Amino acid sequence: MDQTAMLSSVGDWVSGVEVGFVSADGVARYGPLGRWWGEPFEQASPVRSFVGFKGQKNFTGEYWAATSRSPVGYESWVERDAAMALDFDPVVVALASQPFRLAWSDGDRDREHTPDYFARLVDGTGVVVDVRPEDLVDEATAEVFAFTAKVCEAVGWQFRQVGDLDQPYRVNLRWLARYRHLRCQSEPVAERLREVFAEPLPLFAGAELVGDRLAVLPVLYHLLWRHELAADLSASPLGADTVVGLSIRGRS
């Protein structure tokens with residue numbers, strides 16, 4: 001479907017939506033969504049800065065995304081966890097924070113909204129993510145999210161509103177993220193781990209079959225991050241008795 005057909009597929013109101021962003025070459029651009037929706041927003045620079053100041057209640061910073069090998073900004077721990085979850089998702093190949101600003105008129109006033117993240121998936125489609133726990137979504141915010149979801153539908157993107165990650169998945173994800181960097185990869189050790197965990201085993205027992213546990217575990221956690229090994233991350237915190245096995249990806 002071409003841009004014109006896609007935009008008209010959900011209504012003429014989309015033609016009034018403008019988008020502002022800083023492209024991969026560092027140039028600020030602004031114009032109709034119909035012109036710019038095909039841009040690689042996963043490479044865009046943030047449209048606003050992540051300000052930190054003494055006494056603020058939220059925490060800002062940068063998370064290094066293994067998928068895009070670039071820093072991704074966040075304005076709270078909840079946003080950082082959301083970025084981490086996107087980075088961990090095997091179908092996400094790149095992501096960016098504060099990727100663009102949407103602007104439109106609702107008839108009574110001019111509105112604008114900057115989503116928190118844009119992720120590019122392995123199939124080439126995009127995902128727009130707004131991070132806000134459900135109990136903090138008031139009526140005005142819900143309206144903005146609903147409008148953004150319609151915009152995403154118009155151009156073939158997904159829209160997700162996410163909040164706090166469930167425990168213990170959050171704990172496990174934060175732990176595995178420590179080992180996301182390629183420096184934790186050692187192919188000889190990784191190959192042996194794939195052989196050992198071809199049949200599910202307790203985490204520590206399998207690691208000790210490969211070699212010194214302290215040397216093996218970083219590689220094991222890296223393979224869990226890369227989804228080459230698999231474990232139930234939602235049941236309980238990772239530990240010695242966590243059952244680990246070779247994933248479908250690891251068998252391919």
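The following exchange between a colleague and a modeller goes through the labels given to parts of this predicted model.

Colleague: What should be kept in mind about the model before its labels are discussed?

Modeller: This is a predicted model, in which local features need pLDDT of at least 70 and side-chain atom pairs count only at pLDDT 80 or more, while totals for chains, interfaces and linings use all residues. Residues are numbered from 1 along each chain as its sequence is written, and side-chain values use heavy atoms, with hydrogens and water left out.

Colleague: What makes up the protein chain, and how many helices and strands does it have?

Modeller: The protein chain has nine helices and 13 strands, where helices (H or I, at least four residues) and strands (E, at least two) are DSSP runs numbered from the N terminus. Its C-alpha trace spans about 65 × 45 × 30 Å along the principal axes, and 45% of the 252 residues count as buried.

Colleague: Why is Ala 103 called buried?

Modeller: Buried means under 20% relative accessible area, exposed means over 50%, and partly exposed lies in between, with a 1.4 Å probe and protein chains only. Ala 103 has 15% relative accessibility, so it counts as buried. This residue is found in strand S6 (residues 101–105), and its C-alpha lies 9.9 Å from that of Tyr 30, although the two are 73 residues apart in sequence.

Colleague: And what makes Ala 240 partly exposed?

Modeller: The relative accessible area of Ala 240 is 32%, and therefore the residue is classed as partly exposed. Ala 240 is found in the loop between strand S12 (229–230) and strand S13 (243–246); from His 222 it is 18 residues apart in sequence and 16 Å apart in space, C-alpha to C-alpha.

Colleague: How do you know that Glu 42 and Arg 120 form a salt bridge?

Modeller: A salt bridge is a side-chain nitrogen of Lys or Arg within 4 Å of a carboxyl oxygen of Asp or Glu. In the pair of Glu 42 and Arg 120 the closest N and O atoms are 3.1 Å apart, and the pair is accordingly recorded as a salt bridge. The pair links distant parts of the chain, with Glu 42 in the loop between helix H2 (33–36) and strand S3 (61–65) and Arg 120 in strand S8 (residues 117–121), 78 residues apart. Both ends are buried, Glu 42 having a relative accessible area of 14% and Arg 120 a relative accessibility of 13%. A search of the whole structure finds 12 salt bridges.

Colleague: What separates Arg 194 from Glu 191 in helix H6?

Modeller: Arg 194 and Glu 191 are separated by about one helical turn, because they are three residues apart in helix H6 (residues 187–196). Their side chains meet in a salt bridge at 3.0 Å, N to O, in which Arg 194 counts as buried at 14% relative accessibility, whereas Glu 191 is partly exposed at 38%.

Colleague: Which side chain meets that of Arg 192 in a salt bridge?

Modeller: The partner is Glu 195, with an N to O distance of 3.2 Å. These two residues are also three apart in helix H6, which means a separation of about one helical turn. Arg 192 is partly exposed, with a relative accessible area of 35%, and Glu 195 is likewise partly exposed, with 46%. Salt bridges that share partners join Glu 187, Glu 191, Arg 194, Arg 226 and Glu 228 into one network.

Colleague: What makes a group of residues a patch, and which residues gather in the one of negative charge?

Modeller: Patches are made of residues with over 30% relative accessible area and no salt bridge, like charges being joined within 9 Å and nonpolar side chains (Val, Leu, Ile, Met, Phe, Trp, Tyr) within 5 Å. Asp and Glu count as negative, Lys and Arg as positive, and His and the chain ends are not counted; the place of a charge is taken as NZ of Lys, CZ of Arg, CG of Asp or CD of Glu. Glu 134, Asp 135, Asp 164 and Asp 166 gather in a patch of negative charge on the surface. One of them, Asp 166, is exposed, with a relative accessible area of 59%, and is found in the loop between strand S10 (158–162) and helix H5 (169–177).

Colleague: How many disulfides does the structure hold?

Modeller: The structure holds zero disulfides, a disulfide being a pair of cysteine sulfur atoms within 2.5 Å. Cys 152 is buried, with a relative accessible area of 2%, and Cys 184 is buried too, with 13%.

Note on methods: Accessible areas come from the Shrake-Rupley method with a 1.4 Å probe; for residues, only the protein chains shown count as cover.
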